[in-house]
Amino acid sequence: MKLVPLADRVVLKQVSAEEKTKSGIILTSQSQEKPQQAEVIAVGPGTEDVKMTVQIGDKVVYSKYAGSEVKLDDDEYIIVKQSDILAVVED
């Protein structure tokens, strides 16, 4: 199965949370905050008013409470509107 977003929706897969702090403290899974950074997995076609500017493979930062979480084949995804994406992370 695969997710095919409609209109101006984008399917994201979260990057894994850091397991250590910068000072070297190891975090348990309960104390880890979900990262707001994700990889774009699929992009909808857009609408007349919204031109899609993100592409599959982009690393992005999205709004903290945005989107809907979906579980498919043991993988978790987040479906957001393109307007909920705050920035593209460039290397």
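**Notebook: salt bridges and core**

I began with Arg9 and found this residue partly exposed, its relative accessible area being 32%. I was working on a predicted model throughout, and so I kept the confidence values at hand, because pLDDT is the predictor's confidence in each residue.

**Confidence.** I looked up the mean pLDDT of the protein, which is 88, with 86% of the residues reaching 70 or more. Confidence is lowest in strand S4 (residues 68-72), where the mean is 95, and highest in S2, where the mean is 97. I reminded myself that predicted coordinates should not be read in detail where pLDDT is low.

**Salt bridges.** I searched the whole structure and got 3 salt bridges.

The entry for Arg9 pairs this residue with Asp8, and the closest N and O atoms of that salt bridge are 3.2 Å apart. I then checked the partner and noted that Asp8 is buried, with a relative accessible area of 12%, whereas Arg9 is partly exposed.

My next entry is the salt bridge between the side chains of Lys13 and Asp75, at 3.5 Å from N to O. This pair links distant parts of the chain, since Lys13 belongs to strand S1 (residues 9-14) and Asp75 to strand S5 (residues 75-81), 62 residues apart. For accessibility I wrote down 30% for Lys13, which is partly exposed, and 29% for Asp75, which is partly exposed as well.

I then turned to Glu39 and Lys59, whose side chains meet in a salt bridge at 3.6 Å, N to O. Because Glu39 lies in strand S2 (residues 37-43) and Lys59 in strand S3 (residues 59-62), I recorded that the pair ties together parts 20 residues apart in sequence. Glu39 is partly exposed, at a relative accessible area of 30%, and Lys59 counts as partly exposed at 36%.

**Core.** Which residues make up the largest nonpolar core? I listed 12 residues in all, namely Val10, Leu12, Ala38, Val40, Met52, Val54, Val60, Tyr62, Ala66, Ile78, Val80 and Ile85. When I sorted the core by element, I found that S1, S2, S3 and S5 are the elements giving two or more residues to it.

I followed one of these core residues further, Ala66. With neighbours within four places in sequence left aside, Ala66 is in contact with Ile78, Val80 and Asp84. Of these partners, Ile78 and Val80 are also listed in the largest nonpolar core.

Conventions:
Residues numbered from 1 in each chain as written. Predicted model: local features only at pLDDT ≥ 70, side-chain atom pairs only at ≥ 80, totals over all residues. Heavy atoms only, no water. Salt bridge = Lys/Arg side-chain N within 4 Å of Asp/Glu carboxyl O. Buried < 20%, exposed > 50% of the residue type's maximum accessible area, 1.4 Å probe, protein only. Helix = DSSP H or I, 4+ residues; strand = E, 2+ residues; numbered from the N terminus. pLDDT = per-residue confidence, 0-100. Core = buried A, V, L, I, M, F, W, Y, C linked by side-chain atoms within 4.5 Å. Contact = heavy atoms within 4.5 Å.
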